[in-house]
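Here is a short report on one model. Look over the sequence and the structure first.

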Amino acid sequence: MEFSSASPAETEAVAGRLARELAAGDVVTVSGELGSGKTTFVRGACREFGITAHVTSPTFTVGHRYPGDPDVSHLDLFRFQGVSAAEWGDLEPYFEDAICFVEWPEAAAGALPPVRVEVRLSHMDPTHRLITLESSEEALLDGIFGGADSRF
Ligand SMILES: Nc1ncnc2c1ncn2[C@@H]1O[C@H](COP(=O)(O)OP(=O)(O)O)[C@@H](O)[C@H]1O
Ligand SMILES: [Mg+2]
(Lines give C-alpha, C1' and ligand atoms only; values in the text may rest on other atoms or scores of the structure.)
(Ligands and ions follow the chains in the order given, each with its own letter.)
Protein backbone atom coordinates (compact mmCIF):
# COMPACT_ATOMS: atom_id res chain seq x y z
CA MET A 1 0.00 0.00 0.00
CA GLU A 2 1.44 3.37 -1.01
CA PHE A 3 0.78 6.92 0.12
CA SER A 4 2.13 10.16 -1.17
CA SER A 5 2.71 12.62 1.68
CA ALA A 6 2.99 16.36 0.99
CA SER A 7 4.07 17.46 4.48
CA PRO A 8 5.37 16.22 7.83
CA ALA A 9 1.79 16.57 9.15
CA GLU A 10 0.53 14.19 6.46
CA THR A 11 3.27 11.69 7.26
CA GLU A 12 2.25 11.87 10.93
CA ALA A 13 -1.38 11.34 9.95
CA VAL A 14 -0.59 8.21 7.92
CA ALA A 15 1.34 6.88 10.93
CA GLY A 16 -1.63 7.69 13.15
CA ARG A 17 -3.91 5.65 10.90
CA LEU A 18 -1.55 2.71 11.07
CA ALA A 19 -1.20 3.10 14.84
CA ARG A 20 -4.95 2.56 15.34
CA GLU A 21 -4.53 -0.96 13.94
CA LEU A 22 -1.64 -1.86 16.27
CA ALA A 23 -1.44 -3.40 19.72
CA ALA A 24 1.23 -4.00 22.36
CA GLY A 25 3.71 -6.63 21.16
CA ASP A 26 3.61 -5.48 17.53
CA VAL A 27 6.88 -4.78 15.76
CA VAL A 28 6.98 -2.25 12.91
CA THR A 29 10.14 -1.67 10.89
CA VAL A 30 10.75 1.83 9.48
CA SER A 31 13.28 2.05 6.65
CA GLY A 32 14.49 4.92 4.51
CA GLU A 33 17.44 7.20 3.97
CA LEU A 34 18.40 10.08 6.27
CA GLY A 35 15.74 12.80 6.27
CA SER A 36 13.10 10.62 4.63
CA GLY A 37 10.79 11.03 7.62
CA LYS A 38 11.31 7.94 9.78
CA THR A 39 11.29 9.87 13.04
CA THR A 40 8.38 12.02 11.83
CA PHE A 41 6.44 8.80 11.19
CA VAL A 42 7.16 7.40 14.65
CA ARG A 43 6.15 10.76 16.18
CA GLY A 44 2.78 10.53 14.42
CA ALA A 45 2.20 7.05 15.83
CA CYS A 46 3.14 8.23 19.32
CA ARG A 47 0.60 11.06 19.17
CA GLU A 48 -2.12 8.50 18.44
CA PHE A 49 -1.39 6.86 21.81
CA GLY A 50 -1.53 10.13 23.71
CA ILE A 51 2.24 10.48 23.90
CA THR A 52 3.04 14.18 23.92
CA ALA A 53 6.77 13.82 24.65
CA HIS A 54 9.34 15.27 22.29
CA VAL A 55 10.03 12.37 19.87
CA THR A 56 13.56 12.43 18.48
CA SER A 57 15.92 9.97 16.79
CA PRO A 58 17.61 7.70 19.32
CA THR A 59 21.10 8.85 18.35
CA PHE A 60 23.16 8.44 21.51
CA THR A 61 21.19 5.47 22.81
CA VAL A 62 19.82 2.37 21.15
CA GLY A 63 16.25 3.39 21.85
CA HIS A 64 13.56 5.36 23.58
CA ARG A 65 10.49 4.03 25.32
CA TYR A 66 7.59 6.47 25.70
CA PRO A 67 4.89 5.75 28.30
CA GLY A 68 1.47 5.74 26.61
CA ASP A 69 -1.57 3.59 26.09
CA PRO A 70 0.19 1.34 25.15
CA ASP A 71 3.85 2.35 25.48
CA VAL A 72 5.72 2.99 22.25
CA SER A 73 9.37 2.02 21.79
CA HIS A 74 11.59 3.51 19.10
CA LEU A 75 14.84 1.69 18.32
CA ASP A 76 17.68 2.69 16.02
CA LEU A 77 19.88 -0.28 15.09
CA PHE A 78 22.14 1.69 12.76
CA ARG A 79 25.32 0.63 14.56
CA PHE A 80 24.44 -3.06 14.88
CA GLN A 81 25.88 -5.96 12.92
CA GLY A 82 23.50 -8.71 13.87
CA VAL A 83 22.33 -9.01 17.49
CA SER A 84 24.39 -10.98 20.02
CA ALA A 85 22.77 -12.60 23.06
CA ALA A 86 24.13 -9.80 25.27
CA GLU A 87 22.77 -7.13 22.93
CA TRP A 88 19.40 -8.87 22.82
CA GLY A 89 19.34 -8.61 26.61
CA ASP A 90 19.44 -4.82 26.20
CA LEU A 91 16.90 -4.75 23.38
CA GLU A 92 14.28 -7.16 24.70
CA PRO A 93 12.72 -4.80 27.29
CA TYR A 94 11.83 -2.37 24.49
CA PHE A 95 9.65 -5.05 22.88
CA GLU A 96 7.83 -6.11 26.06
CA ASP A 97 4.30 -4.71 26.43
CA ALA A 98 4.97 -2.02 23.86
CA ILE A 99 4.53 -1.32 20.18
CA CYS A 100 8.08 -1.25 18.88
CA PHE A 101 9.18 0.82 15.86
CA VAL A 102 12.61 -0.18 14.57
CA GLU A 103 14.79 2.03 12.38
CA TRP A 104 17.60 0.30 10.43
CA PRO A 105 16.09 -3.19 10.93
CA GLU A 106 18.49 -4.55 8.28
CA ALA A 107 21.29 -4.25 10.84
CA ALA A 108 19.62 -6.83 13.07
CA ALA A 109 20.01 -9.39 10.26
CA GLY A 110 16.86 -11.31 11.03
CA ALA A 111 17.29 -11.34 14.81
CA LEU A 112 14.11 -9.34 15.47
CA PRO A 113 10.82 -10.83 16.69
CA PRO A 114 8.27 -11.30 13.88
CA VAL A 115 7.52 -8.01 12.12
CA ARG A 116 3.85 -7.08 11.63
CA VAL A 117 4.26 -4.11 9.28
CA GLU A 118 7.18 -2.88 7.18
CA VAL A 119 7.21 0.86 6.49
CA ARG A 120 9.47 2.38 3.83
CA LEU A 121 9.90 6.10 3.23
CA SER A 122 11.61 7.77 0.31
CA HIS A 123 12.11 11.28 -1.02
CA MET A 124 10.02 12.33 -4.01
CA ASP A 125 11.04 16.00 -3.73
CA PRO A 126 11.90 18.34 -0.82
CA THR A 127 8.35 18.26 0.58
CA HIS A 128 6.92 14.99 -0.74
CA ARG A 129 7.59 11.51 0.54
CA LEU A 130 6.48 8.15 -0.75
CA ILE A 131 5.32 5.97 2.14
CA THR A 132 4.99 2.23 1.52
CA LEU A 133 3.31 -0.07 4.03
CA GLU A 134 3.73 -3.82 3.68
CA SER A 135 2.13 -6.54 5.77
CA SER A 136 1.15 -10.14 5.24
CA GLU A 137 -2.20 -9.23 6.84
CA GLU A 138 -4.45 -7.76 4.20
CA ALA A 139 -7.12 -6.93 6.77
CA LEU A 140 -4.69 -4.72 8.63
CA LEU A 141 -3.88 -2.69 5.51
CA ASP A 142 -7.56 -2.50 4.55
CA GLY A 143 -8.33 -1.14 8.01
CA ILE A 144 -5.99 1.78 7.55
CA PHE A 145 -8.03 3.53 4.89
CA GLY A 146 -11.07 1.32 4.85
CA GLY A 147 -9.79 -0.16 1.63
CA ALA A 148 -10.55 3.17 -0.05
CA ASP A 149 -8.36 5.32 -2.27
CA SER A 150 -4.82 4.74 -1.10
CA ARG A 151 -3.75 8.31 -1.79
CA PHE A 152 -3.77 10.47 1.27
N1 LIG B 1 6.20 14.92 3.54
C2 LIG B 1 7.12 14.89 4.52
N3 LIG B 1 7.10 13.90 5.45
C4 LIG B 1 8.04 13.85 6.44
N5 LIG B 1 9.03 14.74 6.60
C6 LIG B 1 9.10 15.76 5.71
C7 LIG B 1 8.15 15.88 4.65
N8 LIG B 1 8.47 16.99 3.92
C9 LIG B 1 9.54 17.51 4.52
N10 LIG B 1 9.94 16.81 5.61
C11 LIG B 1 11.09 17.12 6.46
O12 LIG B 1 12.03 16.07 6.33
C13 LIG B 1 12.68 15.86 7.58
C14 LIG B 1 12.46 14.42 8.03
O15 LIG B 1 13.23 14.23 9.18
P16 LIG B 1 13.16 12.92 10.10
O17 LIG B 1 11.75 12.54 10.34
O18 LIG B 1 14.03 13.17 11.28
O19 LIG B 1 13.83 11.84 9.09
P20 LIG B 1 14.70 10.53 9.42
O21 LIG B 1 14.33 10.07 10.80
O22 LIG B 1 14.30 9.57 8.34
O23 LIG B 1 16.13 10.94 9.28
C24 LIG B 1 12.10 16.86 8.58
O25 LIG B 1 12.94 17.99 8.61
C26 LIG B 1 10.76 17.21 7.95
O27 LIG B 1 10.32 18.50 8.29
MG1 LIG C 1 15.45 9.72 12.45
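Which elements do the buried residues of α3 pack against? They pack against β2 (27–31), β3 (63–66), β4 and β5. Bear in mind that this is a predicted model.

**Helix α3**

α3 spans residues 85–95. Its buried residues are L91, Y94 and F95. Viewed down the helix axis, these buried residues fall within an arc of 90°, so they line one face of α3. The other side of α3 carries exposed residues. After α3 comes D97, with a positive phi near 55°.

| Side of α3 | Residues |
|---|---|
| Buried | L91, Y94, F95 |
| Exposed | A85, A86, G89, D90, E92, P93 |

**The nonpolar core**

The largest nonpolar core holds 32 residues. L18, A45, C100, F101 and V119 have the most contacts inside this core. Several elements give two or more residues to the core, among them α1, α2, α3, β6 (117–123) and β7 (129–134). β5 gives the most, with 5 residues.

C100 links back to the helix. Leaving aside neighbours within four places in sequence, C100 is in contact with V27, S73, L75, Y94 and F95. Of α3, Y94 and F95 are buried.

**Around ligand 1**

Ligand 1 has 18 residues around it. T11, G37, K38, T39 and T40 come nearest. Two helices, α1 (8–19) and α2 (38–48), each supply at least two residues of this shell. By class, the shell has 12 polar, 3 nonpolar and 3 charged residues. α1 and α2 also each give two or more residues to the largest nonpolar core.

Definitions and conventions:
Residues are numbered from 1 along each chain as its sequence is written. Chains are lettered from A and ligands numbered from 1 in the order in which they are written. This is a predicted model: local features need pLDDT of at least 70, side-chain atom pairs count only at pLDDT 80 or more; totals for chains, interfaces and linings use all residues. A residue is near a molecule or strand if its C-beta atom, placed from the backbone, lies within 6 Å of it. Helices (H or I, at least four residues) and strands (E, at least two) are DSSP runs, numbered from the N terminus. Ala, Val, Leu, Ile, Met, Phe, Trp, Tyr, Cys and Pro count as nonpolar, Asp, Glu, Lys and Arg as charged, and the others, Gly among them, as polar. A nonpolar core is a set of buried Ala, Val, Leu, Ile, Met, Phe, Trp, Tyr and Cys residues joined through C-beta atoms within 7 Å. A residue is buried if 20 or more other C-beta atoms lie within 10 Å of its own, exposed if 12 or fewer, and partly exposed in between; C-beta atoms are placed from the backbone. Two residues are in contact if their C-beta atoms, placed from the backbone, lie within 7 Å. The arc is that of the directions from the helix axis to the C-beta atoms.
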